[in-house]
Amino acid sequence: MRSVKLAPSLLSCDFLRLGEELRSIEQGGGEYVHVDVMDGVFVPNLSFGLPILAAARRATNLFLDVHLMIEAPERYLADFAAAGADGITVHAESTRHLHRAVSQIRELGKRAGVVVNPGTPLAHLQPVLADVDLVLLMSVNPGFGGQKFIPATFERLRTVRSWLDALGSPAELQVDGGVSAANARELAQAGATVLVAGSAVFGPDGAEMGLRRLRESL
Ligand SMILES: O=C(CO)[C@H](O)[C@H](O)COP(=O)(O)O
Ligand SMILES: [Co+2]
């Protein structure tokens, strides 16, 4: 099994205590901070955007992993890069110019990611597979935290893992939605290298404990 990074999603954190939440992530051994940006158009929900990302940037040196759930993300890539993103992931379904979008992210000096929804054929990833640093498979329909994991994701992970290995690609394979201590190990065995978790991390015991539980389950 490959080594696995944990990426707590700020969507489930207490924003009034953002600085403390980030310190708990550091103490719990989280490697990425997953930042879910929603525009109310690409997904049926609004979350937050550039000011929160910039505030997180001031508070931590951890890798800020921005998941853009917005229409035509190419309009804002430079802004998210300037606000402190280390990596930016765009949905294949959200742009007519996927190749241009991932190329722009790299030109901005950031790690480029591509993501597909659970209902999108994996073939949509193939044209950009050699041009990205991260592939994200959604394991819920994006828009909300706390949803139930979709089991078909295991087979989809195995497929993308085999494609990345065939290419000799060092890209991370990330999974997002309904990840918990109950499925983390099986996700890693299916080839995932980055696990995003929101509700499973920011529980009543706090992010540090949530992360430790997730790590132990691996
Ligand atoms: O992209 C997302 C939702 O669209 C979130 O990253 C994801 O839902 C994390 O929350 P949880 O672990 O509670 O499912
Ligand atoms: Co996300």
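## A walk from Asp176 to helix α1

Start by selecting aspartate 176, which counts as buried because it has 26 C-beta neighbours inside 10 Å, and 20 or more are enough for that label. Keep in mind as you look around that this is a predicted model.

**Around Asp176.** Colour strand β7, residues 172-176, and you will find aspartate 176 in that strand. Now show its contacts: leaving aside residues up to four places away in sequence, aspartate 176 touches His67, Leu136, Met138, Ser139 and Val196. Keep His67 on display, as we will come back to that residue.

**On to Asp36.** Next, select aspartate 36, which sits in strand β2. This residue is buried too, as 24 other C-beta atoms lie within 10 Å of aspartate 36. Which residues does aspartate 36 touch, not counting those up to four places away in sequence? They are Ser9, Leu11, Ser47, His67 and Met69. So your two selections have His67 as a contact: aspartate 36 touches His67, and aspartate 176 touches His67.

**What the record says.** Select Asp36 and Asp176 together: an unreviewed UniProt entry annotates them as "active site". Although they are spread over 141 residues of sequence, they cluster in space, with a largest C-alpha distance of 10.5 Å. Now add His34 and His67 to the selection. The annotation "binding site", again from the unreviewed UniProt entry, covers His34, Asp36, His67 and Asp176. These residues span 143 residues in sequence, but no two of their C-alpha atoms are more than 10.5 Å apart, so they gather at one spot.

**Ligand 1.** Turn on ligand 1 and show the 22 residues around it. Those that come nearest are Ser9, Pro142, Gly145, Gly198 and Ser199. You have already met Ser9, as one of the residues that aspartate 36 touches. Two strands to colour here are β2 (32-38) and β8 (194-197), each of which supplies at least two residues of the shell around ligand 1. If you colour that shell by class, you should see 12 polar, eight nonpolar and two charged residues.

**Helix α1.** Now move to residues 18-27, which form helix α1, and pick out its buried residues: Glu21, Leu22, Ser24 and Ile25. Look down the axis of α1: its buried residues fall within an arc of 155°, so they line one face of the helix. What covers them? The cover includes β1 (5-8), β2, α2 (50-59) and α7 (207-217). Just after α1, stop at glycine 29, which takes a positive phi of about 85°.

**Zoom out.** Finally, show the whole protein chain as a cartoon, with its seven helices and eight strands. The C-alpha atoms fill a box of roughly 40 × 35 × 30 Å along the principal axes. A compact globule of 218 residues would have a radius of gyration near 17 Å, and the 16 Å of this chain agrees with that. Buried residues make up 45% of the 218 residues. Among contacts with a separation of 6 or more, 63% are between residues 24 or more positions apart.

Note on methods. Residues are numbered from 1 along each chain as its sequence is written. Chains are lettered from A and ligands numbered from 1 in the order in which they are written. This is a predicted model: local features need pLDDT of at least 70, side-chain atom pairs count only at pLDDT 80 or more; totals for chains, interfaces and linings use all residues. Helices (H or I, at least four residues) and strands (E, at least two) are DSSP runs, numbered from the N terminus. The radius of gyration is taken over C-alpha atoms; the globule rule is 2.2 Å times the number of residues to the power 0.38. A residue is buried if 20 or more other C-beta atoms lie within 10 Å of its own, exposed if 12 or fewer, and partly exposed in between; C-beta atoms are placed from the backbone. Two residues are in contact if their C-beta atoms, placed from the backbone, lie within 7 Å. A residue is near a molecule or strand if its C-beta atom, placed from the backbone, lies within 6 Å of it. Ala, Val, Leu, Ile, Met, Phe, Trp, Tyr, Cys and Pro count as nonpolar, Asp, Glu, Lys and Arg as charged, and the others, Gly among them, as polar. UniProt positions are given in the numbering used here, feature names are shortened, and annotations may be inferred rather than shown by experiment. The arc is that of the directions from the helix axis to the C-beta atoms.
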